[in-house]
Amino acid sequence: MFEQAYLFWLAGTVLMVVAVMSWRDSQNPRRITTALFWGLYGLSFFIGDGLRDFLGARTLHILVGGGVVIMALIAGAGGVCSGFYARRTEEQREASAQRLGNRLFYPALTIPVVTVAGVVGFNALPGLQQALFGSGNHATLVTLFSMSCGCLLAWLMTLRLTQESPARSAQEARRLLDSVGWAFILPQILATLGLLFTAAGVGNAITYLTESWLAVDNRLVAVVLYTGGMALLTMIMGNAFAAFPIVTAGIGIPILVLQHHGNPAVMAAIGMFCGYCGTLMTPMAANFNLVPARLLELPDRNAVIKAQLPTALLLLTANTFLMYFLMF
């Protein structure tokens with residue numbers, strides 16, 4: 001049966017290839033630390049139940065935690081640097097773009113098309129899903145498998161369109177990863193942070209503070225606390241999905257729903273939208289705000305955030321009034 005671990009191993013293999021290429025790049029001033037950073041990240045994808053049973057859960061957790069600390073030290077010290085990628089000249093890239101034209105978009109469009117087709121197909125044919133993945137609920141695996149197939153097909157299409165070698169695509173993958181740097185792993189770290197906050201009872205602490213120190217008996221105050229809290233915690237954590245259970249457990253359910261008898265469906269829908277407003281205003285959402293600035297080689301790393309800030313504030317204000325008038 002196909003397992004989700006196979007996709008993790010594929011991702012880990014790509015990262016290990018990048019690490020080896022970085023280590024062999026003599027023109028990278030920090031090739032050792034760059035290779036170590038991507039190598040440690042790649043190794044984390046190979047960790048599974050077998051290794052946990054062999055080493056023991058506690059030992060494995062210590063080793064993984066130590067690897068994360070080393071990666072953080074490397075990133076904090078600027079140890080991930082760009083190297084030599086044998087890139088074409090500007091004239092050659094322009095000529096290639098003119099030759100390929102709009103066909104350049106075909107591989108990019110292939111990924112979402114294949115992903116959607118795969119999810120719909122597996123749901124329409126339960127027998128195929130069971131034959132490939134076994135019995136049980138495999139909603140996440142179906143999506144990841146379909147997206148992976150889309151990525152592999154897009155990669156093959158790209159090789160055929162550009163007439164480049166797989167080695168060239170590996171070099172470009174390394175160039176992009178080195179350009180993005182530590183921000184590439186930030187979504188995964190922030191998702192883990194959200195789990196830690198929830199397990200630590202941050203939601204209960206928020207409930208206590210709001211009920212003890214703020215005038216939550218006033219409906220408008222309670223709504224502003226919820227919408228503003230969603231935006232603020234999302235800015236801190238960089239992820240609205242991580243902030244949502246904490247703020248909802250601390251303010252949404254006990255105050256807006258139970259105390260003021262609001263509609264939880266409206267609260268959830270608009271509350272997530274408020275979190276997205278926070279995403280637009282924070283560098284912690286690196287995959288949305290910092291990565292595009294780096295890939296576009298903008299001189300100001302916060303240029304995307306500055307452009308989005310007015311829209312985010314207007315949307316947050318509008319969402320606050322919408323929740324106040326629609327939820328109750």
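So, Val-14 sits in helix 1, and I'd like to start there. This is a predicted model, so keep that in mind for everything I say. With a relative accessible area of 43%, Val-14 comes out as partly exposed. Now look across to Gly-42: Val-14 and Gly-42 are 28 residues apart in sequence, yet their C-alpha atoms are 7.6 Å apart in space.

Okay, let's zoom out for a moment. The protein chain has 16 helices and 0 strands. If you lay the C-alpha trace along its principal axes, it spans about 65 × 50 × 45 Å. There are 328 residues in the chain, and 34% of them are buried.

What about contacts along the chain? Take those between residues at least 6 apart in sequence: 73% of them join residues at least 24 apart. Val-14 and Gly-42, with their 28 residues of separation, are one pair to have in mind as you turn the model.

On to the surface. The chain exposes about 18,600 Å², and 69% of that comes from carbon and sulfur atoms. As for charge, I get 18 positive side chains and 14 negative ones. How far apart do the centres of the two sets lie? The answer is 6 Å.

Now the part I'd like you to rotate into view, the largest pocket. About 2,600 Å³ of space lies in it, and 49 residues line it. Nearest its centre you'll find Trp-155, Ser-169, Glu-172, Ala-173 and Leu-176.

Which helix gives the most to that lining? That's helix 8, with 11 residues. Helix 8 covers residues 139-162, and it's one of several that supply at least two lining residues each. Besides helix 8, there's helix 1 at 4-24, helix 5 at 90-100, helix 6 at 105-124, helix 9 at 166-180 and helix 15 at 286-295. So helix 1, where Val-14 lies, is on that list too.

Let me stay with helix 15 for a second. Ala-286, Asn-289, Leu-290, Val-291 and Ala-293 are buried in that helix. Then, just after helix 15, Glu-297 takes a positive phi of about 55°.

That brings me to backbone angles, with two more residues to click on. Gln-163 has a phi near 60°, a positive value in a residue other than glycine. Where is Gln-163? In the loop between helix 8 and helix 9. Its relative accessible area is 62%, and since anything over 50% counts as exposed, Gln-163 is exposed.

The other is His-261, also with phi near 60° and also not a glycine. You'll find His-261 in the loop between helix 13, residues 240-257, and helix 14, residues 264-279. Buried or exposed, would you say, for His-261? Exposed, at 64% relative accessibility.

Last stop: a few pairs with their C-alpha separations, for anyone thinking about distances across the model. Start with Leu-104, in the loop between helix 5 and helix 6. Leu-104 counts as partly exposed, at 44% relative accessibility. From Leu-104 to Val-216 you go 112 residues along the sequence and 54 Å through space.

Next is Glu-90, which is found in helix 5. Glu-90 is partly exposed as well, with a relative accessible area of 48%. Glu-90 and Arg-58 are 32 residues apart in sequence, and their C-alpha atoms are 52 Å apart.

And then there's Val-68, over in helix 4, residues 57-76. Val-68 has a relative accessible area of 39%, so we call it partly exposed. How far is Val-68 from Phe-145, C-alpha to C-alpha? They're separated by 27 Å, with their positions 77 residues apart along the chain.

If you look at one thing afterwards, try the pocket: helix 8 with its 11 lining residues, and Trp-155 among the residues nearest the centre. Then follow the chain out of helix 8 into the loop that holds Gln-163 and on to helix 9, which also supplies at least two residues of the lining. That's it from me, happy to take questions.

How values were computed
Residues numbered from 1 in each chain as written. Predicted model: local features only at pLDDT ≥ 70, side-chain atom pairs only at ≥ 80, totals over all residues. Heavy atoms only, no water. Helix = DSSP H or I, 4+ residues; strand = E, 2+ residues; numbered from the N terminus. Buried < 20%, exposed > 50% of the residue type's maximum accessible area, 1.4 Å probe, protein only. Contact = heavy atoms within 4.5 Å. Areas by Shrake-Rupley, 256 points an atom, 1.4 Å probe, with all protein chains shown as cover. Lys, Arg positive; Asp, Glu negative; His and termini not counted. Charge placed at Lys NZ, Arg CZ, Asp CG, Glu CD. 1 Å grid on protein atoms, 1.4 Å probe; cavity = no way out; pocket = protein on both sides within 12 Å on 5 of 7 lines; lining within 4 Å. Points joined across faces, edges and corners; volume = space filled by probe spheres on them.
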